[in-house]
Amino acid sequence: MLFLRRLFSAFAEPLNQPTDFIGCLQQTPQIFTNGSGVAAAAGLESLSWLFDVAPCFPLRGEQIHVINEPKHFYDTLMQRSATARERIVLASLYLGTGQMETNFVQTLRKSLQQQSSLRVNVLLDFARGTRGETNSKTMLLPLVQDFGEQVQFSLYHTPNLRGMTKRLVPARWNELLGLQHMKVYLFDDAVLISGANLSNDYFTNRQDRYILIEDKPLADFYAEFICRVQEFSLSVQKNSDVGLHRNWRGALPYEGTKEDFTRTAKKSITDFMQQVYQRQQKACNESKDADSWIFPLVEMGQIGIHHDSVVTKRLLSSCIEDSRLKLATGYFNLTQEYMDTLTHKCLAQCSILMAHPNANGFQGAKGPAGGIPAAYTLIAKSFYESLVNRKQEHRVNFFEYEKQGWTYHAKGLWYYLPQSKLPNLTLIGSSNFGERSVNRDLETQICLVTANQMLRQSLQNENERLFSLSSTAEKQITTRPVPRWVQAVVGLFRTFF
């Protein structure tokens, strides 16, 4: 049995402020083993440190389903919304305003009409969700007006947008300061974790990742977690006004002092995570037939919680020799610490998948946003050159996704232990592993470790589909022209995109 170390000592070089919601318990349960204590898969014991740093939910692989296509993602949302009986919880950046989104709202309406016991909680971002005359708020307001206590609709407002900045910074630009970026879609006892938003592109031709998990304890966790965030978000009233949540005793996020708001919000989340961590230690001890383990990770740099980034960095730095790592991001803007870790501390053979400029959602955008794809190319080029300087370019390969008529938004990673042809671990969720993800936005992803062969094969198939639509990119990123104005400003603004 391994003795637990406090989280602070588990990471010699924490990112910013280390998380303080993991307590010190007596000993780690024998996770990654079968009932007789035998390792479920060779090498999984090298990942047992995960139990030290996040709550663990033991499952069977049959409870986890990989979704591959945007259409299947949309169909799942529609079908699950139509059949939910007790609860629907939706956390996303925004809800679009097109016909597919309207049909989704109508499905929610029908379910609320048919099930008086059904409760719908929606958490979106304030700045993004109120952009334009027709927006996420106007799409969902009728549900608030017609169904009373059955519907709780909240808009997270970053505490960074306040004072003169709030009054003077125009729409769209105010989104640079920080967003609610989590993507969690929950129906009764099933949780769909993704990086996809609730809008037409993500339902049709914008490639992302999606995983559906049938597990009541995990669903309970995310339902309560989202409720906690809703408490320090703005509650939408029947008259369209927004105000404090009924359970929130502090000030509005843009009034009073930022320190008071962030301190109270942080305490709410850390207290909750501490409780879950202790509860799940017992669940892991009692689990006898699990072959898969889920660790929820959260990142809330706005309120001083750096959990996902600390775990991600530890994962990158602990990759053992002869292992393989495949990392995907829609926007290549890895934090400097992630890039340094991949260069100096990671022993795995690495493949990095990102969007070709033609598959980048900002390609062709008006104004400065149109230069963002070139900025990602420049950052990738700089990273590649640093690998060359450190003689590590043989270990890290770059790929760019391109599919005619599609954009690319998938992120996460797949980790293969030595001799493994199928992934042993994956990260999936909302984080792009970039500066925004760590310091500006609210993010969540899950770390899934599995010894289930069918689930591992599904994850492998998902990975192969994405990489099959890519081509090697070292030459492209080093020779593709980048406008001079992008070269001049990228260093100043890379934390904003």
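Modeller: Two strands pair if DSSP finds at least two bridges between them; strands (E, at least two residues) and helices (H or I, at least four) are DSSP runs numbered from the N terminus. The model is predicted, with local features needing pLDDT of at least 70 and side-chain atom pairs pLDDT 80 or more, while totals for chains, interfaces and linings use all residues. Residues are numbered from 1 along each chain as its sequence is written, and side-chain values use heavy atoms, without hydrogens and water.

Colleague: Over how many bridges do β14 and strand β18 pair?

Modeller: β14 covers residues 324–328 and β18 covers residues 412–416. Arg324 of β14 stands opposite Tyr416 in β18. The two strands pair in the antiparallel sense, and the bridges number 5.

Colleague: Which residue in β15 stands opposite Ala328?

Modeller: β14 also runs parallel to β15 (residues 349–355), joined to that strand by 5 bridges. Of the 5 residues of β14, 4 are buried (under 20% relative accessible area with a 1.4 Å probe, protein chains only). Opposite Ala328, in β15, stands Leu353.

Colleague: How many of the residues of helix α11 are buried?

Modeller: Helix α11 spans residues 308–317 and is mostly covered. Its buried residues include the charged Asp308, Lys313 and Arg314 as well as Val310, Val311, Leu315 and Leu316. Of its 10 residues, the number buried is 9.

Colleague: Why is β5 largely enclosed by the rest of the structure?

Modeller: Val151, Phe153 and Leu155 point one way from β5, and Gln152, Ser154 and Tyr156 point the other way. Both sets are buried. β5 is largely enclosed because the buried residues are 6 of the 6.

Colleague: Which residue stands opposite Leu155, in β10?

Modeller: β5 pairs with β4 in the parallel sense over 6 bridges, and there Val122 has Phe153 as its bridge partner. β5 is also joined to β10 by 2 bridges, and these two strands run antiparallel. In β10, the residue opposite Leu155 is Leu234.

Colleague: What volume does the largest pocket have?

Modeller: A pocket is an open set of points on a 1 Å grid over the protein atoms alone, where a 1.4 Å probe fits, with protein on both sides within 12 Å along at least five of seven lines. Points are joined across faces, edges and corners, and the volume is the space filled by probe spheres set on them. For the largest pocket the volume is about 1400 Å³.

Colleague: Which element gives the largest share of the lining of the largest pocket?

Modeller: The lining residues (an atom within 4 Å of a point) number 45, and Arg131, Glu175, Phe362, Ala369 and Ile372 are the closest to the centre. Elements giving two or more residues are α8, α13, α14 and α17. By class the lining has 21 nonpolar (Ala, Val, Leu, Ile, Met, Phe, Trp, Tyr, Cys, Pro), 11 charged (Asp, Glu, Lys, Arg) and 13 polar residues (the others, Gly among them). The largest share, 5 residues, comes from α17.

Colleague: Between which domains does the largest pocket lie?

Modeller: Domain bounds here come from an automatic or database domain assignment. Both domains give residues to the lining, so the pocket lies between domain 1 (14–60 + 289–496) and domain 2 (62–256).

Colleague: How many residues line the second largest pocket?

Modeller: This pocket has a volume of about 390 Å³, and β4, β5, α9 and β10 each supply at least two residues of its lining. Glu149, Val151, Gln152, Ser235 and Arg246 lie nearest its centre. The lining divides into 6 nonpolar, 8 polar and 5 charged residues. The number of lining residues is 19.

Terms used: Buried means under 20% relative accessible area, exposed over 50%, partly exposed in between (1.4 Å probe, protein chains only).
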